[in-house]
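Visitor: I would like a close look at one part of this structure. Could you take me through one pair of neighbouring strands, then the sheet that holds them, and then whatever else helps to place that part in the whole chain?

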Amino acid sequence: MMVIFLNNYVKKESWIPKDDVVLESAAQDVVKYEKNAYVLAGPGAGKTELLAQKACYLLETNTSTYPARILAISFKKDAAKNLKERVEKRSGKEFANRFVSLTYDSFAKQLMDRFRLAIPEFYRPTPEYEIVNFNRRDVTKLREEAEEPSEGNGWNYYFDYELFAKTYANDRLPLQTDKINSIESWYKFQLWKNYINDKENSMLTFPMISRIVEYLFRSNPKILRAIRATYSHVFLDEFQDTTLIQYDLVRTIFMDSTVSVTAVGDLKQKIMGWAGAMEGVFNQFKEDFKAKEFEMVLNHRSAPNLVRIQTSIINDMMGGSTVISPSDKWKNEKEGICEIWNFAYASEEAKKLAIEIKTWIDQEKLERRDIGILVRQRADMYCDMLIDELSNLGIHSRIEDQWQDLLSENFMKYIIDVFFLATTDRDPNAWSSLISNVLSLRGDNETESYQVEKEINSFIVEFKETLKDEAIKVTEKVVEQWLYKILTLIGLDLIKSSYPEYRKGKYLEIKVRQTAEFLFYSYEKHKVWNKAIEDFLGIYSIPIMSIHKSKGLEFESVILLGLEDRAFWNFEDSPDDEKFTFFVAMSRAKTRMIFTFCKNRFYGQERSKINVIYQMLENADVKQFDWT
Ligand SMILES: Nc1ncnc2c1ncn2[C@@H]1O[C@H](COP(=O)(O)OP(=O)(O)OP(=O)(O)O)[C@@H](O)[C@H]1O
C-alpha cells in the first residue's frame with residue numbers, strides 16, 4: 001500500500017486550482033466549503049470541472065483525511081471515467097487512488113455484491129444473477145405467467161402497464177404483505193418473489209438493486225457505520241436527473257452523517273423526467289441535508305453571442321432575469337453563430353450540410369471530433385442521407401451511441417495502449433500510461449516495475465510482428481483471441497477482481513466480443529492497424545448522436561438536425577422536458593449552432609407543436625435562412 005507522507009500535502013491557504021484554471025468566486029467558495037452544499041449553474045459553468053478541482057483540493061491538502069476516500073457519483077460511465085482521469089492527471093495516481101468515481105448503477109451494484117450475505121433472505125439474490133431491464137413487455141409476461149388471485153375481492157384488474165413498469169420499485173422494502181390491496185401491489189410482490197426467489201439465478205434491475213441496498217443500509221447500522229467511515233466526501237453530478245430511488249439511497253447512507261455531500265446540477269438540463277427524475281430534488285436535498293446553495297454565473301464554453309442567446313432562452317423558459325456572462329477569453333461580444341436553416345427536401349439538406357462541414361474542415365481546420373451532429377431520436381433514420389453525402393466528400397461520420405459505451409469500459413485502456421504501442425514506432429504516452437496502469441492494477445509494487453516493463457515489452461515486440469504478418473487471415477475471431485491475449489498479459493483475473501462489473505456473469509466476455517467486432521469493422525475499412533485503431537477511437541469520424549447522449553459533451557460546431565414536430569413528438573405531453581432537451585443540444589456548442597428544419601422529411605414536417613421553441617429563438621434574434 002502506498003503511504004502518503006505529511007510533507008506531500010499542501011497547506012489549505014497555499015492551494016491553487018490546477019491547470020491554470022481560474023475559478024469564479026462562488027466556485028472558490030464551494031471548493032473550500034466543508035459542509036453539505038449544492039451548486040446551481042447553467043451549461044458550461046464548469047460544474048464538472050469544479051468537482052474535479054474540489055477533489056484535488058481535498059486530497060492535496062489532506063482535508064479529506066487519509067485514508068478516507070472521496071466518492072463521486074455520475075450518471076454515465078464516460079462521465080465517471082472522465083472525472084477520475086482529470087483528478088489522476090492533476091493530483092497524481094497516489095492521491096487519485098482515494099478518489100472513487102462511479103455511476104449510480106455501479107455504486108449500488110458494488111455495495112450489493114459486497115454485502116450480499118447480509119441482505120434479508122427474501123430479497124437476497126443468488127450468488128450469480130442476471131441484470132435485466134423491466135419494461136411494458138415484461139409486465140405483460142409477468143401477468144401471463146402468474147396465477148392471479150381470482151376476482152371477487154373488489155380489485156380493479158385493469159392497470160396501466162406503462163406506469164407499472166416505471167414505478168414497480170418505487171416503494172421502500174420490505175414490501176408490506178398485509179398491505180396487498182390492489183392488483184398492482186399484488187404484482188409488485190410477485191415481481192420480487194419471481195425475479196429473486198423463483199429463479200435458479202436471480203434477475204435484477206438496477207432500480208431493484210438500489211432498493212435492496214437502501215433497505216440493507218437502513219436496517220443494518222453496522223454496515224452503515226462502515227460505509228460512512230469509508231468516505232469523507234461525496235459528490236453528486238447532474239443532480240437534476242436523480243431519481244427518487246437513487247436519492248433515497250444517497251439519503252439513507254449519507255444524511256445526518258459526518259460525510260460532506262456536494263451536489264451540482266442545472267434545472268434547465270433536466271431531461272430525464274421520462275425516466276423518473278425526481279421533482280424538486282434540490283429543495284428536498286436542501287431540507288434533508290441542510291445544504292447551502294451556491295450559484296455560478298459564468299459560461300466558460302460558448303462564445304458571447306451564443307451565451308446571449310442561451311440566456312434569453314433560459315429567461316423565456318424559466319421566467320426571471322438571469323444574467324450569465326461569457327468568459328473573458330473572447331475578443332468581442334459578436335463572436336458565435338446561431339442560425340436556423342430551412343429546407344424543402346432532406347436530400348437538399350444533406351447536400352448543403354455536407355458541403356458546409358467540408359468547408360469547416362478544410363478552411364477552418366476543424367477536426368472531425370470538433371463537430372457534433374445531434375438528433376432528438378432515431379439517428380439512423382434522420383442522418384442516413386447526410387452520412388452518404390459526407391461519405392461522397394470523403395468524410396466519415398458515425399452514430400456514436402454504441403461506441404460511447406464501449407470505449408468507456410474499464411478494460412479498454414489496456415487494449416488501446418497495447419495496440420498503439422504495437423502499431424507505432426514509439427509512443428511514450430501510451431507506454432507510460434500502460435505501465436503505470438498495470439502497476440496500479442497489480443498493487444503499485446515499485447519493485448515489480450522492471451519485471452512488468454520487460455514482460456510487456458517482449459509481448460509488444462511479438463504482437464507487432466503478428467499484426468504485420470500477412471499470412472494471418474484477420475477475422476473477428478482472430479481479433480477476439482488477440483484481445484484475450486492482451487488481457488491475459490495484463491492479468492485477466494486481476495481485471496475481473498478489480499472492476500466489480502466484470503466479476504459476475506458474462507459481461508466481460510460480451511464486451512470483449514463487441515470490441516473485437518468493432519475493431520474488425522475498422523480494420524476492414526482501412527486494412528492497416530494504425531488507422532484501424534484510430535478509426536475505432538473515432539478520430540476520423542464526425543460523431544452523430546442523440547441529444548441525450550450528448551449531455552456533458554461540447555463541440556466547436558453543433559448541428560441539431562430536425563428541429564421539427566415529429567422529432568419532438570412528445571412535446572405536447574411533456575413540454576418542459578422537451579424544451580430542456582432542446583436547450584441541452586444548443587448549449588453543447590462553443591462557437592456555432594445550426595438548427596435545421598426540413599418541410600418534406602418523412603412525408604411532411606410541421607413546426608406548429610414546437611412553435612414555442614421557434615418563438616424563443618426569434619425572441620433571441622436568431623435568424624432563419626431558406627436554402628431551397
Ligand atoms: N474555471 C474555468 N476556467 C476555464 N475553463 C473552464 C473553467 N471551468 C470549466 N472550464 C471549461 O469549460 C467547459 C465546460 O466545463 P464543464 O464541462 O465542467 O461545465 P459544466 O457546467 O459541467 O457543463 P454542462 O452542464 O453544460 O455539461 C470545459 O471545456 C471546461 O474545461
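Guide: Happily! Let us start with strand S11 (residues 337-343) and strand S16 (residues 589-598), which run parallel and are paired over seven bridges. Please keep in mind that this is a predicted model. To find one rung of that pairing, pick Asn342: its bridge partner in S16 is Phe597. In general, strands of a sheet pair through backbone hydrogen bonds, in either a parallel or an antiparallel sense.

Now widen the view to the sheet. S11 and S16 belong to an open sheet of seven strands with parallel pairing, and reading across gives the order S13-S14-S12-S15-S16-S11-S17. At the edges you find strand S13 (396-399) and strand S17 (623-626), each of which pairs on one side only. Neighbouring strands in this sheet are turned against each other by 25 degrees on average, with direction ignored.

Following the chain onward from S16 brings us to a backbone detail. Phe602 is found in the loop between S16 and helix H25 (611-619). Phi of Phe602 is near 40 degrees, a positive value in a residue other than glycine. As background, most residues other than glycine have a negative phi, and most peptide bonds are trans.

The second half of that background has its own exceptions here. A cis peptide bond joins Tyr66 and Pro67, with omega about 5 degrees; Pro67 sits in the loop between helix H2 (47-60) and strand S2 (69-74). Another cis peptide bond joins Leu173 and Pro174, with omega about -5 degrees, and Pro174 has its place in the loop between helix H7 (161-167) and helix H8 (183-197).

Strand S2 leads us to another sheet, which makes a good companion to the seven-stranded one. This is an open sheet of six strands, again with parallel pairing, in the order S3-S2-S6-S7-S1-S8. Strand S3 (99-103) and strand S8 (292-296) stand at its edges with a single partner strand each, so one side of each has no neighbour in the sheet. The twist from one strand to the next averages 20 degrees here. Within this sheet, strand S6 (residues 231-236) and strand S7 (residues 260-265) run parallel and are joined by four bridges; Val234 stands opposite Val261 in S7.

How does the chain as a whole divide? It has domain 1 (12-109 + 213-296), domain 2 (130-200), domain 3 (304-396 + 541-626) and domain 4 (404-537). The C-alpha centres of domain 2 and domain 3 lie 42 Å apart.

Finally, the ligand ties two of these domains together in one picture: its surrounding shell draws at least three residues from each of domain 1 and domain 3. Of the 16 residues around the ligand, Val22, Lys47, Thr48, Arg301 and Glu554 come nearest. The shell divides into four nonpolar, seven polar and five charged residues. For specific atom pairs, look first at Val22, where a backbone N or O atom lies 2.8 Å from a nitrogen atom of the ligand. Lys47 places a polar side-chain atom 2.8 Å from an oxygen atom of the ligand, and a polar side-chain atom of Thr48 also lies 2.8 Å from a ligand oxygen atom. On its own the ligand has 630 Å² of accessible area, and the protein covers 80% of it.

Notes
Residues numbered from 1 in each chain as written. Predicted model: local features only at pLDDT ≥ 70, side-chain atom pairs only at ≥ 80, totals over all residues. Heavy atoms only, no water. Near = heavy atom within 4 Å. Polar contact = N/O pair within 3.5 Å; in protein donor to acceptor, adjacent residues only side chain to side chain. Areas by Shrake-Rupley, 256 points an atom, 1.4 Å probe, with all protein chains shown as cover. Nonpolar A, V, L, I, M, F, W, Y, C, P; charged D, E, K, R; others polar. Domains from an automatic or database assignment. Pairing = 2+ DSSP bridges. Helix = DSSP H or I, 4+ residues; strand = E, 2+ residues; numbered from the N terminus. Axes fitted to C-alpha atoms, helices over the stretch in contact; angles between N-to-C directions.
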